[in-house]
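This report describes the fold as a whole and then turns to selected residues. Please keep the sequence and the structure in view while reading.

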Amino acid sequence: MSGKTSVDPSQEQLKELDRVARSHSALGVFGDAHSKPVLMLPAGTPAAERAKVRAEIPAGMQVTVKVSKFTHKKLDQVQKTVLARKWNKDAHTFGIGAAYDGAKDKVVVNLEAPKSAAGSLQRVDADGVEVQPGRFTPDNTRFTDYNPFYGGGAIDGDSLCTAGFAVKDKASGHKYMVTAAHCNYWNKSVHTPTGKPYGNVSRVIQSIDAETIGGQDYTGSIWTGGTHDSSSKEWVSGYTDWMYWGRKLCVSGRTTYNHCGHPVSYSAYGFCYSWFGTDFCVDQTDAFLMDRGGTDECSCNGNFTQPGDSGAPVFETNPNYDSATIAGIHHGAVWGYNGANRMVNIRAWSILRAFNADIIIGAH
């Protein structure tokens, strides 16, 4: 029997639940559409503290409060050990993704490797690590955009990708467009599908799978149409780094266009990927996962990104559907992670910090 309640919690309730978790230094809030969420406290949390947390749960929400076997320090150590990939002599060749799942109280590792490799990974922490098979696919593969360029537009370079959002370098004041690093080599000349020059790749930071394109003008708006020929757009009002569990976001790419209602499922997710034959890893603090969302009981009949959507803006639209708060850019898909296909995204704050840049705000 499903544990899903007839009335889903509101976004305000989910925000308040996240505030409660943070104020008590919890490991996070976890769960899926089949069960009520779990607020997991670190090992050693006294009974009195648990009682305080229960008393602060937003009215009307069914939340399970538990104490983990992990302290914050131990959990961080296990996750870093997993992604360091020294537990197997060939581990650097494996596709790998990992996130702590509080509902299971385990670090769930999605491993693209021979079955024999799972044993050595499991020995990192026999009781605290769960290994699952998986297949990673970065999404490698709109349309008449012109200068100044918007985010969400189709761009052609070493591969077919999507522009993310515009930034301004703090030191020079120059404007750039952000997209996924796995789309192009450094200094690659990028253009639109209609052949208009879009600029050249000026900087690549593989450790966050992000790059900047410069040489043209880029502005604080993104394309948000749901069809090939739509002219719908939203101005960028700012960015957010608050990836609370259940926060519903949108993504706007060249292949699947604009679709929304994707709840954040893991606010921290580390993974490794190949950049033109060279291996790189993204730290768990720089990426997050979101589910496809939807209207059925398991919230899994919603839209899903496809090749070509890499680099696309991930954002929350305001109630008037005219402005967007940027959450990050789209990296790709992770197939079968912890029982579901999910979308991998890079945090906007991590990108801005790495490039020493400010996000460009659009005009009303």
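Does Pro197 count as buried or exposed? At 55% relative accessibility, Pro197 counts as exposed, where buried means under 20% relative accessible area, exposed over 50% and partly exposed in between, with a 1.4 Å probe and protein chains only.

**Basis of the model**

This is a predicted model, in which local features need pLDDT of at least 70, side-chain atom pairs count only at pLDDT 80 or more, and totals for chains, interfaces and linings use all residues. Residues are numbered from 1 along each chain as its sequence is written, and side-chain values use heavy atoms, with hydrogens and water left out.

The mean pLDDT (the predictor's confidence in each residue, from 0 to 100) is 91 for the protein, and 94% of the residues reach 70 or more. Over residues 1-5, pLDDT stays under 50. For this segment the model has 12 contacts beyond four places in sequence, a contact being heavy atoms within 4.5 Å. Where pLDDT is low, the predicted coordinates should not be read in detail.

**Overall fold**

The secondary structure comprises five helices and 26 strands. These are DSSP runs numbered from the N terminus, with helices (H or I) of at least four residues and strands (E) of at least two. The C-alpha trace spans about 60 × 50 × 40 Å along its principal axes. The radius of gyration of the protein is 20 Å, which agrees with the value near 21 Å for a compact globule of 364 residues; it is taken over C-alpha atoms, and the globule rule is 2.2 Å times the number of residues to the power 0.38.

Of the 364 residues, 52% are buried. The protein exposes about 15,400 Å², and carbon and sulfur atoms supply 51% of that area; accessible areas come from the Shrake-Rupley method with a 1.4 Å probe. There are 36 positive and 36 negative side chains, and the centres of the two sets lie 4 Å apart. Lys and Arg count as positive and Asp and Glu as negative, while His and the chain ends are not counted.

**Pro197 and the cis peptide bond**

Pro197 is found in strand E14, residues 197-205. Leaving aside neighbours within four places in sequence, Pro197 is in contact with Phe149, Val190, His191 and Gln216. The C-alpha atoms of Pro197 and Gln216 are separated by 8.1 Å, although the two are 19 residues apart along the chain.

Phe149 belongs to strand E8 (149-151), and the loop between strand E7 (135-138) and strand E8 holds Pro148. The peptide bond from Asn147 to Pro148 is cis, with omega near 0°.

**Loop residues**

Ser25 and Asn338 each have a phi near 55°, a positive value in a residue other than glycine. Most residues other than glycine have a negative phi, and most peptide bonds are trans. The table sets out three loop residues.

| Residue | Loop between | Relative accessible area |
|---|---|---|
| Ser25 | helix H1 (11-23) and strand E1 (28-30) | 45%, partly exposed |
| Thr255 | strand E18 (248-253) and strand E19 (257-266) | 32%, partly exposed |
| Asn338 | strand E24 (323-337) and strand E25 (340-347) | 15%, buried |

Not counting residues up to four places away in sequence, Thr255 touches Gln306, Pro307, Gly308 and Asp309. The C-alpha atoms of Thr255 and Gly152, 103 residues apart along the chain, are separated by 11 Å.

How values were computed: Charge placed at Lys NZ, Arg CZ, Asp CG, Glu CD.
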